[in-house]
Amino acid sequence: MMNAPAVVPPRFIRSGRTRPNAEKWSWMFMRISGVFLLVLIFTHLFINLLTGDGVNQIDFAFVAGKWASPLWQVWDLVMLVLALVHGGNGMRLLVNDYAHHRWLRSLLLGALATSVAVIILLGALVIFTFDPCPVGADPALLPGFCFDL
Amino acid sequence: MSPGHMLYRGREGMWMWVVHRVTGVAIFFFLLIHVLDTSLVRVSPEAYNEIIASYKTPLYGLIEAGLVAAISLHAFNGLRIIAVDRSAWALRHQRMLVWIVWGIFALLMAGFLPRHLMHVFGGA
């Protein structure tokens, strides 16, 4: 009976990748973040589209009312980061599958990484520098708590 | 290319792979736009209310329904992918699980659409 040949780990990776476990971590991240996003996003959709007047209730005062609570600030921040990294990583897999020219792939991956970074930064800044009662704004558009003293 | 040249003719699983990619891309681009429109709260209440008013028009109301549909399919097909990866039972029954995904999708949309469409078209 022949013995199976011992499997020798490769001394180098043909793709030239320097972090051999990167794709394993990407794979695990997609699954773990996916489960979290399911809960985060369905709750977000339920609160914003099904409670109260649904989409018609959404305006500046509605957003200000939500972000007055640290719970929704953190909720939206976690949702923002997880969704963009999950979506950006998914788009990376599609670019790798369909962009066959090296220059095109570099261009698309560069544009993708830039957009994801800019949108995460912008969203995080908006959540944490948001002023629910801007000075000089039309009082009719502001949440009620701006006038509670 | 004639069908004779297509060596791989996947069934439910392959079509769900297509559905997962298409819905994923659609959700990603919506997400970029959604963060940009929400950022207008930082500009002024008027600027935000003006852009969000367009979300309440019939056209956008239907696009939102499509978005919720895409998210529901992507989310529950994602759970199916995890299940098929992790459990031998799910792997054996992956084709049935595809139809369970569509069943959950139908239930969610049956719960969501009437209320959402009433908000959009009924002025309720």
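Author: Two residues are in contact if their C-beta atoms, placed from the backbone, lie within 7 Å. With that in hand, let's look at this predicted model.

Reader: Thanks! What share of the contacts in chain A between residues at least 6 apart in sequence join residues at least 24 apart?

Author: The share is 70%.

Reader: What makes chain A more spread out than a compact globule?

Author: Chain A has four helices and zero strands. Its radius of gyration is 23 Å, and the globule rule gives 15 Å for 149 residues; 23 Å is well over that, so chain A is more spread out than a compact globule. The C-alpha trace of chain A spans about 85 × 40 × 25 Å along its principal axes.

Reader: How do you know that the length of helix α1 of chain A is close to what is expected?

Author: Compare two values: α1(A), residues 22–50, reaches 40 Å from its first C-alpha to its last, and 42 Å is expected at 1.5 Å a residue. The helix does bend, by about 25° at Leu37(A).

Reader: Why are Leu37(A), Ile41(A) and Leu49(A) called buried?

Author: A residue is buried if 20 or more other C-beta atoms lie within 10 Å of its own. Leu37(A), Ile41(A) and Leu49(A) in α1(A) are buried, and of the 149 residues of chain A, 17% count as buried.

Reader: Which helices do the buried residues of α1(A) pack against?

Author: They pack against α3 of chain A, together with α3 and α5 of chain B. Across the two chains, 34 residues of chain A are in contact with 32 residues of chain B. On the chain A side, those residues divide into 22 nonpolar, eight polar and four charged.

Key
Residues numbered from 1 in each chain as written. Chains lettered and ligands numbered in written order. Predicted model: local features only at pLDDT ≥ 70, side-chain atom pairs only at ≥ 80, totals over all residues. Expected span 1.5 Å × (residues − 1). Bend = angle between axes of the 7 residues up to and from the residue. Buried ≥ 20, exposed ≤ 12 C-beta atoms within 10 Å, placed from the backbone. Nonpolar A, V, L, I, M, F, W, Y, C, P; charged D, E, K, R; others polar. Rg over C-alpha atoms; globule rule 2.2 N^0.38 Å.
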